[in-house]
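Visitor: Please choose one part of this structure and take me through it closely. After that, set it beside the rest.

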Amino acid sequence: MKKYSFLVAVCMLGWSNVNAQVSEFGDVSMDELTMERYEADTSAAAVVLFESGRMTFDRWFRPEMEYHVRIKILDESAFDHATIQVRYNPEIEQGIAKIKGATYNLGEQGEMVTSKLNKKDIFKEDYIGNVKTTKFTLPSLSAGSVIEYSYVKKYGWTSNLPDWVVQRDIPVIWSELNMRERKEHTFKTSFAGAHPFAIQDSEPNKGNVDHRWVAKDVPGIKREPFINSLDNYRSRILFQTESIGAAGDRPVDLLLTWGRIYTGLKELYSQAEKREKEKFYKEEAAKLIGGLSTDEEKMAAIFDYVSKTYKWNGAHNIITYGDFKKVRQKKEGDSVDINFILMRMLKSAGIGATPVVISTRAHGLINKDAPFIDQFNSVIILARADGKEFFLDASMGPRSYKMLPEKDINGAGMEIHPLLMKWVDISLSEPTKDVYMVEASVTPDAIVSGKVSASMTGYFAQDFRVDMNKAEDHKQHLRKDLFDGFAGVVIDELEVKDIEDYSKPMVYTSEFSNLRGDNIKVSGDFIYMNPMLFMSDLENPFKESERTLPVNFVNTFSTRYIANIKIPEGYEVDELPKPKAFSLPDKAATFRRVVSTKDGMVTVLFDQRLNKTDFPIEEYEQLRGLFREIVESNNERVVFKKVREIANEE
Amino acid sequence: MLNKVYTYLLLFILLIGCSSSTPVVEYEPSISKNATERMVFPNTMLYTLQGYNHVVNDHQTSLYVKDKSSAVLKVREDLIILNERGIERGRLQLFYDSFREIKAISGALYDFQGKLIRELDEDDIIDFPASSSYSLYEDNRVKEATLNYNQFPYGIRFEYEIELNGLLSVPGWYPQQFNEYVHQAGLHIETPDSVSIKIKEQNMPVNAQKNTSSNQRNIYSWELNKLEPVQHERFTNLREYNIPHVLLAAEEFEIDSYKGSFSSWKDFGLWYRKLNSGRQQLNEETRSEIDSLMQGLSGIENRARVIYKYLQENTRYISIQLGIGGWQTFPASFVEEKGYGDCKALTNFTFSIFEYAGIKAYPVLIKNGTSNAPIVDDFPSQQFNHVVLAVPDGERYIWLECTSQILPFGYISLSNADRYGLMITEEGGKLIHTPVFDQKVNYRSNNTKINVDENGDASIRTSTLSNGLFYEELLYAFDGKPESDHKSWLRNNYPINISDLLDFDASSYKKKEFPGTHSYAITTRSLVSKAGNRLFLPLNKLNTWDIEIGQNGDRTQDIDLRYTFTEIDSIQIQIPQGYYVESIPASEIIEKGFGTFSLKIRPETEFNTIHITRQLTLFRKKLSAEEFDALSSFIRDVKKADELEIVINKES
């Protein structure tokens, strides 16, 4: 061991990289100080001049990162970049040390004024649980300051090293990572994100390899609506330990493969299942499935019970040792606790059920090129009943077993089947759809009354049911949901079906009267009316004309609205909106609206469908345009005109 | 940036002062370690019929004062959770810091028969910093205990005990929250003869109090029964007006061996001044800089303006609060060295500069925020959470909010405006009213030109002048942000969808002067509705009165119209050639004691132009609950008028 640490020291001394961009701490140039804007992005409130990481390892192969960053603050709105918080868990890592920081300002005579970070101004705070926070803020900040800080972050032993993320909310001119890969400790690397690494050098050095990666002129990245996780788009390097072995020894192969991860989880989960006796689950399940005949019914009953009984504590997790006594007592647990209880009850009822490890939307898409276990963060259940497959997550409260929570819809997951590893596409068992049928009549005072029947499935049904069950009463919810914007409307009758049964389509029928709206009006001999009634206030969700990230919807959906509106007594149709139909290429999204008249009725048919979930940037303008057409069409009116009764004119 | 102040203030208000190291007081038996097996469970049928989501079955608070610098607070609360919507009430949050120590928390969950299900354990409690992301370090923390169950109804008992190390701030007694029924509640206070406690009952029924004394100890107690739920209504000043509560303060207090008194505002001011004295020394560099800045300047306003600019350019707001530091400012040298500080430090630094420049200035303690209750002005006690600086200039004061890099010189900001503050003078504290933000200050005028073509496409050009709260809102949206953010802001806040944003100019907001102006030009296809050849032009879709007002007839509380305003819209619509006006709404005027609205519509047929002028003013007034219907119908009438449309049609 002694010999080994000596080796490290020698290596450190002999290792230096010369480059133009990264400079020594304090070596701030006048150009940096006098810089007034960043030409490549003149809207940037701050820009990272450079950031540099130097990864080394101690004798126990624990990584240590020397981090150094210099940022130009162009505007006071970027002051937050001068306050740094690093969280760490002392049980597994050591946090940051050797903190240095300084602010550089231009003095009155054009000289550089340096204000150093005082050691006393570095604070350590207990965060939640064992986690600690180290916090500091740089002094004497003003618009135009250059700030700089460096520290050493020590990690605990880890087989997968931290990602080197180069893209953040402000632009980065130069991001550089240096790492020495020793023959005793080898890695695999992979890349993610759209911005390329301009320099990727690997130089052999006495049996080791020195790596250098540089990304230049990386633009800032901003959150936009309809994306899964912003992290999916950040450019970064990912590492994975391949093998470890002291000099001369045979290296230990540590390279994780998906196969190894699968085997590990399978072992863990099978141990977990053995920990608690099956008897309890069997008894619980028996109470729920008595009298039910099909497996799907049994599965639905068990899912309904678990999702209504157990409360999620807000944590995602994939690790479990199978001790659920406390969870069962408190009726509360994390995602793996609750779903394992569900799985065990399903199995006790004779329904095939296996865990599927996934990455939730906020946790980012799974990169199959980089087999790391922490790409997964949650567990759901794949149940097989009556020859069909259902993905179940009972941790999000009462819901339909056909609809996974949105947060779980994020590409593929890995099924931890006892026999073989399998990537499965997470899918929903029911389309998201709603249909509204309206029968309405209009008085000569432009007051509408009638009947609306709605039928929803998928997320439309799920969300509506949850909200309606939360509301003080059903009518109140309908007033807020459907009749929003029609203040005086009276709901005369409301019939709601299966409000507690989340797996059924959500169906209701409501009779209403006294509906008046700003788009239903009388003027002289005319009545102007928007026949879309409560569908008239749709908004285009895509407000921005520019888009930098692809659009991702959680699910496809369709909406139909059919209305039969009686022509008011003594009136005739003067004008009708023209039929409209639009479709994106390959029918990725479509929209159709026809207004016609027949037998004293005006009939409206509106049909909107989203048939795919992912739209690349090039398709953004079309997609936005389609929504604009819908909004515009829904704004059009029917004109009724008073019939002149010639006979009476004399 | 203001948010900083808000968040911080919320926390600051929780600070409780006082000296250390007095042994634990003798008081009633402490909280038992083990929960009782049973809890008295009421018949919940009636509660459910009433539509309640939870009820407080019993709430008992006891305060045992030992001496001028220590007291123990004990609370026991029995809650009945009736359904899903009541679950949130089962979360208890207790704030603590170096002056306020949580000695014990216990809790237990009971089923509908009152049988113990389980006790609160370590896993049910989380402990986290109460500080906001803008703070660098604060010693305020929160313990949060949560008890949940899925079979309704269920019962929760929380018991906790807090030791107050000092009586600078004695928490008031609030046994009821909004929208909850309280079956019974009691407050019990014991003080030794040597400590006198000031008490102010608010909204309490008569005869609720029973006082006794024995053994050199004074006992005050209150009992309340069957408190009906109180709804939160709009345009009120919150629970202080409607919910029974008792305010408490020590006549004399001691914090970190600084003795003070609440016998008058004057005395409290003296204490604050003394606590913060001797911290105004500026270094040579600052002094010479101020000297050179002041050179050739005369008049208080001119000099104050330069000092404020100096402050804004050289400092920023960062909160550090430790122990007495919640009350005592960092010295001016701290801000000189680091360029940052909290509200006390930054105000003190500015104060020091004024003092050095020979200009009188006074720190003014403020209860900051737009939605909290006003200062109880006849009850000197700790009610503040912020400090600003007032500079007398002849008859008036120049108000300086020292924590902001954004606000213009002399701008008090909405969250400090129109309320009592405590001015700290040489002679002690003095209540002073900060400037009012009413319809004379809060005004906005929009000048809009709309061009409509035959397809119903519209191009809109608007220029807006904003002052007061309208100005402030935009200042936070625009200041320090790049133009691309301004455009995004407009796209996302505009009442209709924008097709093309041709031009946007908010550069005036960089100048830190009010009123501010901004202008934009857009095209849109969502303004005009169509039906064949007819086009429907809304009178006012771009600046509607976005306010939700409750139903008529059920108003119980008086109305306080506080942040009132004036709006003037001048709109000129150009209609396409070959179109005629088929119908046009009539002009109208509504005049009420609390507001006026006028709408004038004037077509100019020869130029194909329609002129619309809209004016809306709400006056700063207090109205009785009975006047609510008149107010709500005024609002409805205005909204209705805003929805009117002009119909144009193609000439055949």
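Guide: B:Pro515 is found in the loop between β27 and β28 of chain B, where strands and helices are DSSP runs numbered from the N terminus (E, at least two residues, for a strand; H or I, at least four, for a helix). The peptide bond that leads into B:Pro515 from B:Phe514 is cis, and its omega is near -5 degrees. The model is predicted, so local features need pLDDT of at least 70 and side-chain atom pairs count only at pLDDT 80 or more, while totals for chains, interfaces and linings use all residues. Residues are numbered from 1 along each chain as its sequence is written, chains are lettered from A and ligands numbered from 1 in the order in which they are written, and side-chain values use heavy atoms, without hydrogens and water.

The two strands flanking this loop belong to an open sheet of chain B with 8 strands, and this sheet is the part to look at. Its order is β27-β28-β26-β25-β32-β36-β35-β34, and its pairing is mixed; two strands count as paired if DSSP finds at least two bridges between them. At the edges stand β27 (500-505) and β34 of chain B, each of which pairs on one side only. On average, neighbouring strands of this sheet are turned by 10 degrees against each other, direction ignored. Angles here lie between axes fitted to C-alpha atoms, for helices over the stretch in contact; they run from 0 to 180 degrees between N-to-C directions.

Two helices of chain B can be placed against the sheet. At the β27 end, helix α10 (residues 483-493) of chain B touches β27 and β28 (516-524) of chain B, and its direction makes about 120 degrees with that of β27(B); contact means heavy atoms within 4.5 Å. At the other end, helix α11 (residues 628-642) of chain B lies across β34, β35 and β36 of chain B and runs at about 15 degrees to β35(B).

The strands under α11(B) are linked by hairpins. Strands β34 (588-592) and β35 (595-604) of chain B pair in the antiparallel sense over 5 bridges, and 2 residues join them in a hairpin. B:Glu588 has B:Leu599 as its bridge partner in β35(B), while the partner of B:Lys592 in β35(B) is B:Gly595. β35(B) is also antiparallel to β36 (609-618) of chain B, with 10 bridges between them, and B:Thr596 stands opposite B:Thr617 in β36(B). The hairpin of β35(B) and β36(B) has 4 residues between its strands, and in its turn B:Asn608 has a positive phi of about 55 degrees.

A second cis bond of chain B is found elsewhere: B:Phe152 and B:Pro153 are joined by a cis peptide bond with omega about -10 degrees. B:Pro153 sits in the loop between β8 (141-146) and β9 (154-164) of chain B.

Chain A can be set beside this. An open sheet of 8 strands in chain A has the order β25-β26-β24-β23-β30-β34-β33-β32, also with mixed pairing. Its edges are β25 (490-497) and β32 (580-583) of chain A; each has a single partner strand, so one side of each is left without a neighbour in the sheet. Neighbouring strands of this sheet are turned by 10 degrees against each other on average, direction ignored. Within it, β23 (432-442) and β30 (557-566) of chain A pair in the parallel sense over 10 bridges, with A:Ser441 opposite A:Lys566 in β30(A). Helix α8 (458-470) of chain A packs on the sheet and touches β23, β24 (448-457), β25, β26 (506-515) and β30 of chain A, at about 115 degrees to β24(A). Helix α9 (474-481) of chain A packs there too, touching β25 and β26 of chain A, and its direction makes about 110 degrees with that of β25(A).

The two chains also meet. The contact takes 62 residues from chain A and 61 residues from chain B. Between them they bury about 5,200 Å², 43% of it on carbon and sulfur atoms; buried area is the accessible area (1.4 Å probe) lost when two parts are put together, summed over both. Across this interface there are 15 salt bridges, each a side-chain nitrogen of Lys or Arg within 4 Å of a carboxyl oxygen of Asp or Glu. One of them links A:Lys521 to B:Glu645, whose closest N and O atoms are 3.6 Å apart. Helix α10 (620-633) of chain A gives the most to the side of chain A that touches chain B, with 5 residues.
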